[in-house]
Amino acid sequence: MKSSSKRPPDTSGEKLSGWKIIYDGFDPSTEKLRESLCTLGNGYMGIRGAATESSASEVHYPGTYIAGLYNTLGTKVAGRNILNEDLVNCPNCLLLSFRANKKKWNESEEIQYLSYRQELDLKKGILIKTRRIRDEAGLISDISEKRIVHMEHPHLVVLLYEITPVNYSGTLLVRSGIDGSVENLGVERYKALRSKHLKTLSSGITPGGIMHLTARTNSSGIDISTAARLRIIKNEKYKKPDIITVKQKEKIGCEFSIRARKGLTVTLEKTCAVFTSRDNISGSVQENALSNAGKAPSFKKLENSQASVWKNLWEKCDVRVSGDISAQTILRFHIFHLLQSASPNNTLIDAGIAARGLHGESYRGHVFWDELFVLPFISTHLDKTGEALLLYRYRRLNEARKYARSAGYRGAMFPWQSGSSGKEETQSVHLNPMSGKWGPDLSRNQRHVSFAIAYNTWRHWTITGDRSFLDRYGAELLLSIAKFGASLCEFDEKDGRYHTDGLMGPDEFHEKMPFSSKGGLKDNAYSNLLIVWTLLRAIDTLDLLSKSRHRELKKKIGITNSDIEKWKDISRKMNIIISNDGIISQFDGYFDLEELDWKYYREKYGDIHRMDRVLKAEGRSPDDYKVAKQADVLMLFYLFPFTEVKTLFERLGYRLTKRMLRKNYHYYETRTSHGSTLSKVVHCHVSHLLGMTRVSSRWYDEVLAADIHDIQGGTTPEGIHAGIMGGSLDIAVRAFAGLHIGEQAIKINPSLPSCWKSLAFRLKTNGNWIQARVARDKISIGVEKQKKAEQVRFDIKGKQMFIWPGQKITVNLQETS
């Protein structure tokens with residue numbers, strides 16, 4: 001590993017305190033990053049942490065995103081019409097600003113910040129902003145804001161906004177509104193594409209003073225209605241003002257004047273409700289928005305209930321680290337954002353978890369394979385939420401079957417990028433921001449996304465033991481994907497092996513062979529082994545089903561006994577290329593590629609994470625070189641225990657040893673640019689598996705820093721990386737605590753980072769809530785009491801033991817070593 005042994009530098013200016021992320025000072029260059037990191041959400045919607053007075057600019061980017069709400073627009077690019085489906089930036093309900101004594105509005109560029117503080121309270125799910133401003137006339141005002149996107153009431157957003165004149169008395173003119181003119185402008189490289197997704201249908205203010213705006217997406221035809229109630233909290237010093245309606249073409253708002261006195265605080269409460277025509281509601285979207293905004297409880301009551309809901313979530317999901325306050329805070333920060341992107345509310349909606357959460361517009365809000373890194377945490381803490389995310393895939397199974405048929409395959413082939421319908425949403429062309437040129441995008445050939453879904457399905461089943469899920473949904477998913485995987489394989493009589501062609505692995509830089517016009521590669525090792533694993537799990541699944549369900553699914557999917565025999569044959573004869581030195585070839589022909597002069601490119605460009613863009617900007621191609629964006633071969637050893645990969649290799653007739661794994665780690669790590677944050681997760685896990693503790697710790701520091709410090713230099717302002725957040729938690733539990741949920745027992749074999757004194761967490765498996773605390777000298781394990789009184793089997797560093805529900809034991813690690 002080339003990185004420093006020290007934790008990556010703190011470039012975003014935050015303070016970490018275990019439960020809070022605090023930013024002091026206003027820095028225009030990092031404001032969009034902070035807005036992304038201070039997003040509030042509840043699984044149904046996410047709202048970026050932009051100031052209420054801000055609009056889209058070089059400094060700020062307000063954004064409101066509703067899970068699963070997409071729209072498609074066409075743009076003429078390189079002489080052809082290109083369709084892009086986007087997660088829509090919905091009307092901004094936060095607008096709230098003021099001016100004192102007819103001077104500049106507080107959103108003016110002439111306003112000076114004397115102090116600026118943002119505090120993200122992870123424990124309670126609240127964003128607190130305080131700032132002292134001075135206008136061009138020298139009038140100083142203190143502003144305090146509390147903001148909630150409610151977890152229990154997913155359609156509600158509420159603000160408590162306080163203005164205190166510091167050195168003046170006079171008149172405050174307050175303006176509140178809803179902005180329907182918003183566009184998708186949050187990603188610089190997408191700005192050449194059409195971005196206007198909304199058309200305002202109606203707006204107004206009711207006799208009761210509730211403003212409302214209804215918009216419709218201009219292609220998908222989804223109605224979005226936002227209503228907002230503004231209250232001035234009673235104060236005997238102030239009289240009730242007259243409210244003036246301010247109506248523009250795509251905005252609705254109101255203004256009112258209030259007599260302000262030096263040192264006396266004006267308190268405003270803005271309660272917003274958001275509904276769409278995708279929601280399961282009776283009545284119109286406007287009726288629901290108006291009703292919910294009007295009858296919503298006070299801010300204080302909503303603040304208390306928000307804290308209560310988050311308290312329950314933290315009791316289930318918290319991961320507690322002793323000895324490293326930075327790691328502790330960032331792990332909670334990651335949990336917080338994952339729960340905002342996929343919460344219990346997801347059981348009521350049809351949406352997957354977007355790769356960039358509900359935090360921004362990068363990757364157009366699409367669902368990729370990143371859920372592979374997220375679902376283990378979700379399934380072990382919120383099993384029904386995990387099921388909901390898999391049901392998003394299940395509901396699109398027929399579309400995946402159509403996609404497979406259109407490509408000449410059988411079974412179900414899921415798209416690399418998925419949005420509303422389950423159709424392939426990957427661009428046909430992609431912009432290289434270094435050269436400014438558009439080029440072909442072949443990434444849809446990453447068929448391994450289907451096997452990631454199979455992996456997620458099987459892992460959810462092994463974690464939860466939910467037989468109903470397996471019978472009703474999981475088995476059909478697994479079997480349909482297995483059928484697709486088998487159809488990718490062609491038998492070669494010459495070598496007696498099955499081969500695949502036209503596929504891309506997780507690496508992404510390699511889209512095709514040099515000088516080839518055909519997309520994809522032959523015998524990508526990762527894809528081939530995932531196919532074998534999927535086929536074996538499909539056979540296991542058939543054995544788990546009842547005879548009637550077994551027959552029913554075979555008939556529905558079109559699986560014959562000869563198909564199953566072929567699956568078994570493939571699982572013994574799939575081709576994997578291994579050099580004489582024991583290096584697993586990423587794909588057929590990889591060893592013939594040129595070596596890259598890494599030193600030259602580091603010295604010339606500095607940041608070479610995206611070597612594909614660098615090479616293409618120079619008129620070269622990454623297809624010609626041994627250069628990877630992220631782990632490909634090594635990804636196998638992240639997904640599966642080494643013993644399981646070894647068993648798969650031996651079933652295919654190949655030898656695999658830990659020494660070979662070590663050689664492969666060093667070989668591929670030196671040829672990887674880590675252009676994806678996920679690469680750091682994989683290298684951290686594999687180096688830990690190899691006992692390279694110092695190296696693993698350095699990788700983990702980078703994993704933790706990835707989003708909060710935006711170590712890729714500008715990607716996080718466009719949305720968080722859900723995969724690396726899930727991966728950081730998976731490493732903590734699966735690698736550092738050494739916990740593996742097996743079919744026979746829960747295995748624990750810990751190896752904590754040197755600065756961690758202990759690691760504690762809860763998780764749910766097979767209906768049992770397990771409590772664990774791993775320290776350097778002992779492990780405490782408990783199974784929480786429940787109606788079902790069955791022993792739970794553990795394997796702690798090779799020592800077998802059984803624990804009854806309600807029982808807690810402590811194991812001295814020195815005695816088991």
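These legends walk you through five close-up views of a predicted model. Residues are numbered from 1 along each chain as its sequence is written, and side-chain values use heavy atoms, with hydrogens and water left out. Because this is a predicted model, local features need pLDDT of at least 70 and side-chain atom pairs count only at pLDDT 80 or more, while totals for chains, interfaces and linings use all residues.

**View 1. The largest cavity and its lining.** Rolling a probe the size of a water molecule over the atoms shows where empty space is left. The structure holds 5 cavities of 30 Å³ or more; a cavity is a set of points, on a 1 Å grid over the protein atoms alone, where a 1.4 Å probe fits but cannot get out. In the largest cavity there is about 130 Å³ of space, a volume being the space filled by probe spheres set on the points. Of the 14 residues lining the largest cavity, D86, Y190, L193, R194 and R364 are the closest to its centre; lining residues have an atom within 4 Å of a point. Strand 6 (70–77) and strand 7 (80–87) each give the lining at least two residues. Strands are DSSP runs (E, at least two residues), as helices are (H or I, at least four), numbered from the N terminus. The lining has 4 nonpolar, 6 polar and 4 charged residues. Here Asp, Glu, Lys and Arg count as charged, Ala, Val, Leu, Ile, Met, Phe, Trp, Tyr, Cys and Pro as nonpolar, and the others, Gly among them, as polar.

**View 2. Strand 30 and its two partners, strands 26 and 31.** Is strand 30 largely enclosed or left open? Of its 5 residues (792–796), 4 are buried, so strand 30 is largely enclosed by the rest of the structure; buried means under 20% relative accessible area, with a 1.4 Å probe and protein chains only. Strand 26 (residues 746–748) runs parallel to strand 30, joined by 3 bridges, and two strands pair if DSSP finds at least two bridges between them. Strand 31 (residues 799–803) runs antiparallel to strand 30, with 5 bridges. Look for I796 in strand 30: I748 stands opposite I796, and I796 stands opposite K799 in strand 31. Strands 30 and 31 form a hairpin with 2 residues between them, and K797 in the turn has a positive phi of about 50°.

**View 3. L729 and its contacts.** L729 is found in helix 20 (residues 722–736) and is buried, with a relative accessible area of 2%. Which residues does L729 touch? Leaving out residues up to four places away in sequence, they are V319, L331, H334, I335, L338 and F377, where contact means heavy atoms within 4.5 Å. L729 and V319 are 410 residues apart along the chain, yet their C-alpha atoms are separated by 8.2 Å.

**View 4. An open sheet of 5 strands.** The order is 20-27-28-29-32, with antiparallel pairing. Strand 20 (319–322) and strand 32 (808–812) stand at the edges with a single partner strand each, so one side of each has no neighbour in the sheet. Strand 20 is joined to strand 27 (residues 758–765) by 4 bridges, and R320 stands opposite A760 in strand 27.

**View 5. An open sheet of 3 strands.** Strands 3-4-5 lie in this order, and the pairing is antiparallel. Strand 3 (40–41) and strand 5 (64–66) are at the edges. Between strand 3 and strand 4 (residues 45–47) there are 2 bridges, and G41 stands opposite G46 in strand 4.

Methods: 1 Å grid on protein atoms, 1.4 Å probe; cavity = no way out; pocket = protein on both sides within 12 Å on 5 of 7 lines; lining within 4 Å. Buried < 20%, exposed > 50% of the residue type's maximum accessible area, 1.4 Å probe, protein only.
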